[in-house]
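Biologist: Hi! Could you walk me through this structure before I head back to the bench?

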Amino acid sequence: MTRGFFRRHAEPADEGRLPPGQYLERGFPVLSAGPTPRVPTERWDFAVYGAVGGERRWTWDEFHALPRESITKDIHCVTSWTKFDTAWEGVSVDALLDGIHPQGGFAVAECDGGYTTNLALDDLTGGKAWVVDTYDGKPLPPEHGGPARLLVPHLYFWKSAKWVRRIRITEHDEPGFWETLGYHDRGDPWREQRYAGD
Ligand SMILES: Nc1nc2c(c(=O)[nH]1)N[C@H]1C(S)=C(S)[C@@H](COP(=O)(O)O)O[C@H]1N2
Ligand SMILES: [Mo]
């Protein structure tokens, strides 16, 4: 009997919730490609720009005046851990795009620290993606992406860009940080789209 045995198996009732090749994680690992940026909320803003009818920008206070949602979802990291029932609060990308009229079908999430990830606009809209600033009822800790991160739980967690500050709408799909290094363009955990060509 090893600890690994328990970490790799879900309760029978939960088996259908684990995408192929994933194990159940009960902690909350931190995976960051670089140091944790720390931006005070007085200097934080969020923008949607690029191929849009008009750029929009929100200060921290303006962002908090937008309609908020509570979201509880399973998350799936490409390094094979899945965590059930993670609880967040934030603003849907649908609300951020309200009135913006995208003129392209793709987006790049841009972060403090330089991380980027690309998404089809279809994966960011329709109640599937949020900019969240609260985890488990508390302000999102810096190591997990605070002040605010993207949450796109139906795709591998590398698409959930931490410290996100901008969504740039693009006409053409532009690979982001991990996608340039060989990760899959879309990253659907149920299709096990880990690497380019999967
Ligand atoms: N800005 C930024 N966002 C990021 C990353 C990163 O290195 N920088 N890592 C990604 C990866 S690979 C994963 S698995 C998750 C990890 O989030 P966590 O540290 O909150 O578990 O964040 C994603 N978002
Ligand atoms: Mo990851």
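Modeller: Happy to; we can go through the strands, the ligand surroundings, the aromatic rings and a few backbone details. One thing to keep in mind is that this is a predicted model.

Biologist: Good to know. Let's begin with the open sheet: what is the order of its strands?

Modeller: The order is β3-β2-β11-β6-β7, so to speak from one edge to the other, and the pairing among these 5 strands is mixed.

Biologist: Which strands stand at the edges, and why is one side of each left without a neighbour?

Modeller: Those are β3, residues 56-59, and β7, residues 116-120. Each has a single partner strand, so one side has no neighbour in the sheet. On average, neighbouring strands here are turned by 15° against each other, ignoring direction.

Biologist: And how does β6 pair with β7, parallel or antiparallel?

Modeller: Antiparallel, with 5 bridges between β7 and β6, which covers residues 106-111. One of the bridge pairs is F106 with A120 of β7.

Biologist: Remind me, what holds paired strands together in general?

Modeller: Backbone hydrogen bonds do that, whether the strands are parallel or antiparallel.

Biologist: Thanks. Now for β8: how many of its residues are buried?

Modeller: 6 of the 6 residues in β8, which spans 130-135, are buried.

Biologist: Which strands does β8 pair with?

Modeller: Its partners include β5, β10 and β9. With β5, residues 81-92, β8 runs antiparallel and shares 5 bridges. With β10, residues 149-151, the pairing is antiparallel too, through 3 bridges. With β9, residues 138-139, there are 2 bridges, again antiparallel.

Biologist: Can you give me some residues to click on? What stands opposite V132, for instance?

Modeller: V132 faces G90 in the pairing of β5 with β8, and its bridge partner in β10 is R149. For the pairing with β9, click on Y135 and its bridge partner K138.

Biologist: What does the turn between β8 and β9 look like?

Modeller: The two strands form a hairpin with 2 residues between them, and D136 in that turn has a positive phi of about 55°. There is also a hairpin made by β4 and β5, with 4 residues in between. In the turn of that β4-β5 hairpin, S80 has a positive phi of about 100°. β4 covers residues 69-76 and is joined to β5 by 7 antiparallel bridges, with H76 opposite T82.

Biologist: Switching to the ligand. Which residues come nearest to ligand 1?

Modeller: Of the 20 residues around ligand 1, the nearest are P29, A33, H144, R149 and K162. R149 came up a moment ago as the β10 partner of V132.

Biologist: Which polar side-chain atoms lie by an oxygen of the ligand?

Modeller: Two to look at are in H144 and K162. A polar side-chain atom of H144 lies 2.6 Å from an oxygen atom of ligand 1, and one of K162 is also at 2.6 Å from an oxygen atom of the ligand. L31 takes part through its backbone, with an N or O atom 2.9 Å from an oxygen atom of ligand 1.

Biologist: Nice. How many aromatic pairs are there?

Modeller: A search of the whole structure gives 16. Take W178 and Y183: their ring centres are 5.0 Å apart and their planes are at 55°, so the pair counts as tilted.

Biologist: Are those two buried or partly exposed?

Modeller: W178 is partly exposed, with 28% relative accessibility, while Y183 is buried at 16%. Both belong to a cluster linked by ring pairs, together with Y115, Y156, W158, F177 and Y195.

Biologist: What lies over the face of F84?

Modeller: That is R17, at 4.1 Å from the ring centre.

Biologist: Last topic: where is the cis peptide bond?

Modeller: It joins G146 and P147, with omega about 10°. P147 is in the loop between β9 and β10.

Biologist: And which residues other than glycine have a positive phi, beyond those in the turns?

Modeller: D85 and E192 are examples. D85, in strand β5, has phi near 55° and is partly exposed at 49% relative accessibility. E192, in the segment after α5, has phi of about 50° and is partly exposed at 32%.

Conventions
Residues are numbered from 1 along each chain as its sequence is written. Chains are lettered from A and ligands numbered from 1 in the order in which they are written. This is a predicted model: local features need pLDDT of at least 70, side-chain atom pairs count only at pLDDT 80 or more; totals for chains, interfaces and linings use all residues. Side-chain values use heavy atoms; hydrogens and water are left out. Two strands pair if DSSP finds at least two bridges between them. Axes are lines fitted to C-alpha atoms, for helices over the stretch in contact, and angles run from 0 to 180 degrees between N-to-C directions. Rings of Phe, Tyr and Trp (its six-membered ring) pair if their centres lie within 6.5 Å; planes under 30 degrees apart count as stacked, over 60 as edge-to-face and the rest as tilted. Buried means under 20% relative accessible area, exposed over 50%, partly exposed in between (1.4 Å probe, protein chains only). A charge sits over a ring if NZ of Lys or CZ of Arg is within 6 Å of the ring centre and within 35 degrees of the ring normal. A residue is near a molecule or strand if one of its heavy atoms lies within 4 Å of it. A polar contact is a pair of N or O atoms within 3.5 Å; within protein, one must be able to donate a hydrogen and the other to accept it, and residues adjacent in sequence count only if both atoms are side-chain atoms.
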